[in-house]
Amino acid sequence: MSGRDVLAQVFGLKSFEEISRYFADLSQPNKENAVPRGRVANVFVVIQAEGELVIRHEGGEDVTLATIDGDKYPMILHEKLVSAWRRQMLEILRSDYDIHRKEINEILGKGENYQWHCSLRPTITVKKSRGRESTEEKMGGLCRECPNCMVFGFAVGEGERYNLKSRVEGDIYLATTPESRSVVIRTFNAVDEVTHTTYIQAEGERTGALFRLSLIREGTLFVGKIALKDLSPAEFALALYSLAVTTRIGGVKSDFGKVKIIIPAIALCDHEVSSGYEVFGRVKGLDNVSEVVRIINDHVKQFSSECRVFTSEDFAKRIIETVGKNKHEIIAEAWRDGLNFKKSIEAFIGAE
């Protein structure tokens, strides 16, 4: 089943043609696809904590808080979600590649001995200036040709003439309940890795080791909105599937971080509508997920005059089921579309 057929089924349409104008046709290289053309899928999400979460950002605080109307609310930055989302998609692509390596290599135009690899990993470079050395951390390991790179973007690499901006944009995801209701402080024993005890021998004395963490309480709801721009049907289906099956966010994911991604509404439009903050204003103070989903759906329906609006209790369930049954076909199509997008960019640059 193609990406077009999958989306028609997910949205309950008789024909994909009803929404085709909101997606890029990347079946062939076309330099006109190298620049944005106002094809926006506004995806509204609810992130439900199914366990306690460690959500840290820059600054060293255990929980990042936004002050709104005198109260403090936990928030998740878009980069934190994208980090987990992008790694999840890479896992899916690698799993499929291990099974269908020959076919994907043919799509890439590589020989049968080629081994594709793409990963998000930091690398350290050393710069020297006036006798001093300084270190700079860069993101390495990206292949710059897979569906992950072509959807989420990459920085310029060796031999490349351009950066690729992410076609996935978002803002903050705010908790619907304030810190007093959504954050809990836990005290833990620090187990010594050598002795596997909570006591550490130091200078002839045995000392206890305790530490505290501020954790997002289980059941806490975060709301927000993502804009996916100029994606092909297969890229969109793969991106949503990867988001829907993302199950852990934040730090210390081996012990914390279990979440459930809920997608109540999708608005297809020629521009971006609403925001995470606007959605938050409608559901502030609520902790019942069914009520939050209902209110989000009512909010998104107001854009029906300018967008093609679809609402549900949870599109994530439909996406997991429908894409899951046709996963390899969608992934292979997304590979072809991504490479055609890359060729479109190169043709656009060459035409200048």
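Here is a short chat about a pocket, a cavity and a helix in this predicted model.

Colleague: What makes Tyr 22 and Phe 23 part of the lining of the largest cavity?

Modeller: A lining residue has an atom within 4 Å of a point. Tyr 22 and Phe 23 are listed in that lining, along with Arg 39, Val 40, Ala 41, Leu 228, Asp 230, Leu 231 and Phe 236, so each of them has such an atom.

Colleague: Why is this space called a cavity rather than a pocket?

Modeller: In a cavity a 1.4 Å probe fits but cannot get out, whereas a pocket is an open set. The count comes to one cavity of 30 Å³ or more, and about 30 Å³ of space lies in the largest cavity.

Colleague: How many residues of each class line the largest cavity?

Modeller: Seven are nonpolar, two are charged and none is polar. Arg and Asp count as charged, and Arg 39 and Asp 230 are in the lining, so these two fill the charged class.

Colleague: And what lines the second largest pocket?

Modeller: That pocket holds about 310 Å³ of space and has 16 lining residues, with Ala 34, Pro 36, Lys 165, Arg 167 and Phe 341 nearest its centre. Eight are nonpolar, three polar and five charged. Helix H10 (residues 327–351) contributes the most, with three residues.

Colleague: Why are some residues of helix H1 called buried?

Modeller: Buried means under 20% relative accessible area. In H1 (residues 3–11), Gly 3, Val 6, Leu 7, Ala 8, Val 10 and Phe 11 are buried, so each falls under that cut-off. After H1 comes Gly 12, with a positive phi near 70 degrees.

Conventions
Residues are numbered from 1 along each chain as its sequence is written. This is a predicted model: local features need pLDDT of at least 70, side-chain atom pairs count only at pLDDT 80 or more; totals for chains, interfaces and linings use all residues. Side-chain values use heavy atoms; hydrogens and water are left out. On a 1 Å grid over the protein atoms alone, a cavity is a set of points where a 1.4 Å probe fits but cannot get out, and a pocket is an open set with protein on both sides within 12 Å along at least five of seven lines; lining residues have an atom within 4 Å of a point. Grid points are joined across faces, edges and corners, and a volume is the space filled by probe spheres set on the points. Helices (H or I, at least four residues) and strands (E, at least two) are DSSP runs, numbered from the N terminus. Buried means under 20% relative accessible area, exposed over 50%, partly exposed in between (1.4 Å probe, protein chains only).
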